[in-house]
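The exercises below concern cysteine pairs and are meant to be worked through with the coordinates open. Each task is followed by a solution that goes step by step.

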Amino acid sequence: MNNIKAALILIGGLIVSFNQVACTASGTSSRSLAAAVYFPTTLTGDNVVPMSVGACGVNGYENEPCISITLCAPGTTTCQTIDNILVDTGSYGLKVFKSLITIPLTQISVSGGGSLASCTGYLDGSGHWGEVVRADVKLGGLSTQATVTAGIPIVTLNASYANASGCSDEPDTTPAVAGFNGIIGVGPFVEDCSVNDTGTNPCVVAAKSLYWKCTGNNCQKTAVPASDQVANPVAKLAAPYNTGVVLKLPSVSSTGAGAAYGYMVLGIGSDSNNTATGTTIFPVENDATFVTTYNGTSNPSGGSDYDYAFIDSGTNFNGFPRLGGSPTLCSGGSGFYCPASEINVYAIMKSGSVTQQVTFKVGNMFTLASADPQSKVFNNIAFDTSDMGSTVADIPFDWGLPFFLGRSVYVGIKGTSPTINGSATAGPFWAF
């Protein structure tokens, strides 16, 4: 939940600034598109879902990872494939704009009367709102119908449904506004209510802001059983593919690429295409975070621990705090970094006794955004998160989409124990 808030702040805010910079610098839209890059190995199998970055339609944006999914009316062959679905490791469950759905899907009824709706709010005031319905979800060649015959809960995004103002946010109204047709949350938990859950799923016993029951135009917060909560579709696939995902993307050069093509592979350690050896495994906390030690652009070993660190494919760039006046910010107040030339930045990821230093690059956003040929995928654009928290404990260190480029990143789901590095490993975890 915390992760997606940060992701959509960027999608809704900083992306606009980025596009404005690109438009101003080029003067026209006549720039040619840089060459695309591809994952070096062709992967096949029912558990393989092709994934693109920077090539999504529907007003897509830089560093946006997308896949296609198929929805079916539960237990039927009445199905519909929908493309341009944002892949987000910082949230949970599938949300698709209702205006795009052409198959019959039934809204879930609430015990005692009313119909179930879902609200997701973000720090910038935007959000997602709509009816909770049941559908079979097919990813690659695998369907949730194999384990949940009645269909799994998903959200049909519909800003005009009932009393959306009760959600206290401004829901995305169309795919063009959002920049995608839907969003699939494939983080390391089963349901969004499971984040920060140390015992009983809190949405089962109390009315939280996530779920509402609506009668006519009147909606009120409601508790909801776990079986009706919007769930990570991967967790509802048949074993062994319910253990998590692996995101595999090619690397890009310091000048970027016109697009990047790779895969979202379902399951961990079950097939040759999702086997992990020699990876570092980071258990995640109950709030889906871990620690990152950072000391500006200096040696990170003497730095501060940023507890609110996370790996999030739904954030399109890396985000970290500016320390000691470095890196240099871009002019104009965009919040992006613009060093005179590309620099290396060092940080240490930590979880319990597991540590690993990670080096990443930060380039000049203005220069990169205005280049001809034009790139849509970057590994070296970053932004300042200093004003997103008041203390080290709540300032985010956001390992966004650039972290995934050139890596295979494993997301292990809580409650499963896939084989990784030759041993059964309990989720939730990250590994790379």
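**Exercise 1.** In this predicted model, determine which hand the link of C214 and C219 has, and whether these two cysteines are buried or exposed.

*Solution.* Begin with the torsion about the S-S bond, which is 115 degrees and makes the link of C214 and C219 right-handed. Next check the bond itself: the S to S distance between C214 and C219 is 2.1 Å, and a pair of cysteine sulfur atoms counts as a disulfide within 2.5 Å. Finally, turn to the surroundings, where both C214 and C219 prove to be buried.

**Exercise 2.** Describe the disulfide of C72 and C79, and classify the exposure of each partner.

*Solution.* The sulfur atoms of C72 and C79 lie 2.0 Å apart. The torsion about their S-S bond is about 105 degrees, so this disulfide is right-handed. For the exposure, recall that buried means under 20% relative accessible area; C72, at 8%, is therefore buried, whereas C79, at 37%, is partly exposed.

**Exercise 3.** Establish the hand of the link between C193 and C203, and where in the chain each cysteine sits.

*Solution.* A disulfide with an S to S distance of 1.9 Å joins C193 to C203, and the value of -75 degrees about the S-S bond makes this link left-handed. The pair links distant parts of the chain, 10 residues apart, with C193 in the loop between strand 11 (182-186) and helix 3 (202-205), and C203 in helix 3. Both C193 and C203 are buried.

**Exercise 4.** How many disulfides does a search of the whole structure find?

*Solution.* The search finds five disulfides, among them the link of C72 and C79.

Technical notes. Residues numbered from 1 in each chain as written. Predicted model: local features only at pLDDT ≥ 70, side-chain atom pairs only at ≥ 80, totals over all residues. Heavy atoms only, no water. Buried < 20%, exposed > 50% of the residue type's maximum accessible area, 1.4 Å probe, protein only. Helix = DSSP H or I, 4+ residues; strand = E, 2+ residues; numbered from the N terminus.
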